[in-house]
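Please open the model in a viewer and keep the sequence panel visible beside it. The tour below proceeds from selection to selection, stating at each stop what is to be found there.

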Amino acid sequence: MTRPYVLLARLAGPLQAWGLVSRFDRRDTHLRPTKSGFLGLLAAAAGHSRDEPLEPLDELRFAVRADRPGTPVRDYHTVGGGRYPLRPRDLITDHRRAQQAATALDAATGPVFGTPPARAVIDWYGAPKGIAPDPDGGPLLSRKVGRAPMITSRSYLADAKFVAAVEHPDKGLLEDLAAALEQPRRLLWLGRKNCPPAGEISGGVHPGTLENVLAATRLLTQDCTPRPWAWIEVPAGTTGASSVTDHPISFHTVHRSYAPRWEQRVRIEPGASIGWDHLL
């Protein structure tokens with residue numbers, strides 16, 4: 001039987017966000033890192049593009065340990081709103097704005113283009129809504145000239161610390177991924193682009209299964225939960241396992257897709273044979 005190896009990773013930062021069913025105006029977060037989020041981080045570190053096949057990353061068995069679960073927080077966020085000077089292209093691309101601002105344009109004076117016309121086009125600056133072809137000319141226009149600000153809700157985990165792990169029999173593959181985490185080819189973030197990681201990520205490659213390695217790995221810091229929960233990927237049908245749809249099939253921008261997998265939640269009492277001294 002082929003001997004398995006495990007790559008450990010330290011996921012810590014001021015904010016983390018691991019969405020499962022996020023949409024533009026409502027961005028949720030799972031209470032722990034997802035498999036798709038962590039594999040995406042590995043793919044970015046290795047320099048993969050979104051349209052590349054996921055093999056062999058999709059063969060990795062995944063687990064995560066919540067040493068410090070963190071505190072859920074919500075950000076009240078607005079997109080657009082307010083009044084700003086109109087730019088020439090704002091009038092060129094939407095004839096309705098040009099007609100509405102025409103009188104103000106004729107009377108406009110001063111060194112800055114666009115301030116009087118902007119007052120004539122009420123609430124024009126914001127997120128466009130109801131995009132559709134213009135029946136008179138064909139270009140894409142928003143349904144309304146006025147654009148009220150869009151309110152969004154974005155959830156995060158604050159001050160959380162997790163140990164993520166992936167298992168595979170190919171030690172060389174995991175060592176390449178560990179090296180990529182230390183010298184990533186693309187920017188890395190903890191689920192969302194405004195959530196950069198704090199400190200080093202890679203915890204090295206170790207022989208054993210996910211269960212054995214996580215049990216032998218020391219807590220990230222002394223103020224963590226003494227017996228943290230861990231979620232470990234298991235075969236379908238395992239007693240006590242639950243399904244979660246976060247196994248990535250493709251990260252393609254347009255055709256992004258995921259499949260269900262099974263995981264089991266267990267308590268772990270961490271040992272000290274694998275430490276984090278080089279990361280502290």
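Helices, with at least four residues, and strands, with at least two, are DSSP runs numbered from the N terminus. In this predicted model, the secondary structure of the chain comes to six helices and eleven strands.

**The whole chain**

Begin with the entire chain selected. The chain has 280 residues, and 43% of them count as buried. Among contacts with a separation of 6 or more, 78% are between residues 24 or more positions apart.

**Helix α1**

Next, select residues 35-45, the helix α1. How many of the eleven residues of α1 are buried? Ten of them are, and the helix is accordingly described as mostly covered. Colour the buried positions, among them Lys 35, Phe 38, Leu 39, Leu 41 and Leu 42. The series of buried residues also includes Ala 43, Ala 44 and Ala 45. Then move just past the end of α1 to Gly 47, which takes a positive phi of about 85°.

**The largest pocket**

Keep α1 displayed and turn to the largest pocket, which holds about 1,200 Å³ of space. To find its centre, select Arg 50, Trp 189, Gly 191, Arg 256 and Tyr 258, which lie nearest to that centre among the 34 lining residues. The elements giving two or more residues to this lining are α1 and β10, the latter spanning residues 242-250. Which element gives the most to the lining of the largest pocket? It is α1, with six residues. Colouring the lining by class shows 15 nonpolar, ten polar and nine charged residues.

**Strand β3 and its partners**

Now select residues 61-68, which form strand β3. This strand is mostly covered, since seven of its eight residues are buried. Add residues 150-168, strand β7; seven bridges join β3 to β7, and the two run antiparallel. One place to examine is Phe 62, which stands opposite Val 166 in β7. Then add residues 229-234, strand β9, which also runs antiparallel to β3 and is joined to it by three bridges. For this pairing, centre the view on Ala 63, whose bridge partner in β9 is Ile 232.

**The largest cavity**

Remain with Phe 62, which is also one of the residues lining the largest cavity. Others to select for this lining include His 30, Arg 32, Trp 231, Asp 246, Arg 261 and Glu 263. The elements that give two or more residues to the lining are β3, β10 and β11, the last at residues 257-267. The volume of this cavity is about 40 Å³, and the structure holds one cavity of 30 Å³ or more. By class, the lining of the largest cavity divides into five nonpolar, two polar and four charged residues.

**Asp 159**

Return to β7 and select Asp 159, which has its place in that strand. Is Asp 159 buried or partly exposed? Its relative accessibility is 46%, so Asp 159 counts as partly exposed. Show its surroundings: beyond its neighbours within four places in sequence, Asp 159 is in contact with Gly 13, Pro 14, Arg 68 and Gly 70. A distance drawn between the C-alpha atoms of Asp 159 and Arg 68 should read 7.9 Å, although these residues are 91 residues apart along the chain.

**Cys 195 and Cys 224**

Go next to Cys 195, in the loop between α5 (171-182) and β8 (202-207). Cys 195 is buried, because its relative accessible area is 0% and buried means under 20%. Not counting residues up to four places away in sequence, Cys 195 touches Leu 15, Gln 16, Ala 17, Tyr 156, Trp 189 and Leu 190. Of these, Trp 189 has already appeared among the residues nearest the centre of the largest pocket. The C-alpha atoms of Cys 195 and Pro 14 are 7.4 Å apart, whereas 181 residues separate them along the chain.

For the last stop, select Cys 224, which counts as buried because its relative accessibility is 8%. How many disulfides does the structure hold? The number is zero. A disulfide is a covalent bond between the sulfur atoms of two cysteines.

Technical notes: Residues numbered from 1 in each chain as written. Predicted model: local features only at pLDDT ≥ 70, side-chain atom pairs only at ≥ 80, totals over all residues. Heavy atoms only, no water. Disulfide = S-S within 2.5 Å. Buried < 20%, exposed > 50% of the residue type's maximum accessible area, 1.4 Å probe, protein only. 1 Å grid on protein atoms, 1.4 Å probe; cavity = no way out; pocket = protein on both sides within 12 Å on 5 of 7 lines; lining within 4 Å. Points joined across faces, edges and corners; volume = space filled by probe spheres on them. Nonpolar A, V, L, I, M, F, W, Y, C, P; charged D, E, K, R; others polar. Pairing = 2+ DSSP bridges. Contact = heavy atoms within 4.5 Å.
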